[in-house]
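Colleague: I've got a model open and I'd like to know how the labels people put on it are earned. Can we go through it together?

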Amino acid sequence: MIGVVLKGHDYKYEVSELIKLFTSDFRFIDVRDCMMVIENSIFYHGDRLFSKTVYCENYQEILSNVDYRDLSGLDERERKKTIKETIKRSMFKILEQKFESNVPWGILTGIRPVKIVHALLDEGKDEEYIKIKLAEDYYIKDDKIELALNIAKRERQFIYPIDENKVSLYVGIPFCPTRCYYCSFPANPVDKFGGKKPLYVEKLLQEAKGVAELCSRQQRRAELLRDNNKEIETLYIGGGTPTTLSPEEMETLIKGLFKEFDLSNIKEFTVEAGRPDTINREILEVLKKHGVSRISINPQTMNDETLQKVGRKHSVNDIIECFQLARELGFDNINMDIILGLVDENLAMVENTLKEIEKLSPESLTVHTLAVKRTSKLKENIDNYELTQFDEMTKMIDLSMKYAKKMGLNPYYMYRQKHMLGNLENIGYAKEGYECIYNIQIMEERQSNIALGAGSITKFVYADENRIERVENVKNLEQYIDRVDEMINRKYKEVQKNVK
């Protein structure tokens, strides 16, 4: 157990998130009262901030490191951010030496490293400056710097110029056939909650109607300010598993959305048909009939033994048949998701998954690194699983990159999650021209996202102020059904708060 002493500040959350990249065996203490201690202190000399970290064993200092930054000219928000980063930098070098660990993303514990690259590009910085900045300020390894930079350059054609009059629309369907052991998303099993699907769709459309009316009120006000109306650029129906809805329920939902919103100019309409055990000809025909342009068929693995272990009730052959059926019905933009680091999977099994996907040749592939989510069955029973180690995880990621390149897929968006194996990343790959606009916008947060349904989160982006306001819907299915008017009102309050 390592004791952690903080002096001159109380940034326990930021410090603990950094230390967790190396070890979970630590606790915060007031003084050096145990055998192994990491102590961080900050002090000022004029506008200069100094952060000193020492590592002690048996009350003797073994390692020490100092980092410093100039705080002059910074506003309060920038000042606070710089202080946190300086503390993390001074601690990182000590932790790296103590644990002899490879932490490829350096001090970054956030989920959107590409945003840093975009911010620097927006300032007019060249690639060489950005590479040096990411290496020296964040201690990111060279291969990850190249990855983030390449993805940012690919994304910019979809993000810029920023148009504040465009928004994305998300609709959440919180039902699944079964709950996978790694999942933390709203996923109510249909065997228990399936009877609530018709009522849920009704309440979803009630929220849609309320939000559409809210938007029209905002538009009328905006028009008085000689502004433009909001235009929905992309529509994304996610989950859960949206295709747990019956064909009739899905048709009711899509027709209702098109009735309540002007969706005549959307560039992209995605539906996650994620679970093969929910896909059939009838549901796919409904999606095709109503102009769905992109679907996801998500195997997570192409190994039958793993599918059973993670709680899936379908086979690899079911995945292949569903994919071929979608092709037969004319779907020409299909994404597939896989997860690296699943229980008992080794490198050979991952290669088998990639070989099988290569045969299908989807337009995009999203490669996730397993994350141990707080509300997942995996977290609840973590002692029963042997998780994939860092070296093996990096080999899996490298292999997935190799196969993506063979399939003509380019990395086009990326995000990270807390408690990912190896502190690594999730990468979306796509063939040229098949990049998912919604995924890019939701990750880089340059566009407002209006979200409907249980557990969904609306984000109002105020680009000119570099500010994002989140408005959350309740996660519980029954509470959402009972409180849908409140969900509408939450969004209305945020809109009204920002109308002058």
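Modeller: Sure, and keep in mind that this is a predicted model. The chain has 17 helices and 18 strands, and 54% of its 500 residues are buried.

Colleague: What makes a residue in that 54% count as buried?

Modeller: Its relative accessible area is under 20%, so it gets the label "buried".

Colleague: How do you know that β1 and β3 pair?

Modeller: Pairing takes at least two bridges, and β1 (residues 2-7) and β3 (residues 36-45) have five, so they pair. These two strands run parallel, and Gly3 has Val37 in β3 as its bridge partner.

Colleague: And what makes β3 and β4 a pair?

Modeller: The cut-off is again at least two bridges, and 10 join β3 to β4 (residues 48-57), so they qualify. This time the strands run antiparallel. Met36 sits opposite Glu57 in β4. The two strands form a hairpin with two residues between them, and Gly46 in the turn has a positive phi of about 65°.

Colleague: Why is the space of about 30 Å³ called a cavity?

Modeller: A 1.4 Å probe fits there but cannot get out, so it is a cavity. The whole structure has one cavity of 30 Å³ or more. Among its lining residues are Gln441, Ile442, Lys459 and Val461, and α15 (437-444) and β17 (457-462) each supply at least two of the lining residues.

Colleague: What makes two of the lining residues nonpolar?

Modeller: Ile and Val both count as nonpolar, so Ile442 and Val461 fit that class. The rest of the lining is three polar and two charged residues.

Terms used
Residues numbered from 1 in each chain as written. Predicted model: local features only at pLDDT ≥ 70, side-chain atom pairs only at ≥ 80, totals over all residues. Heavy atoms only, no water. 1 Å grid on protein atoms, 1.4 Å probe; cavity = no way out; pocket = protein on both sides within 12 Å on 5 of 7 lines; lining within 4 Å. Points joined across faces, edges and corners; volume = space filled by probe spheres on them. Helix = DSSP H or I, 4+ residues; strand = E, 2+ residues; numbered from the N terminus. Buried < 20%, exposed > 50% of the residue type's maximum accessible area, 1.4 Å probe, protein only.
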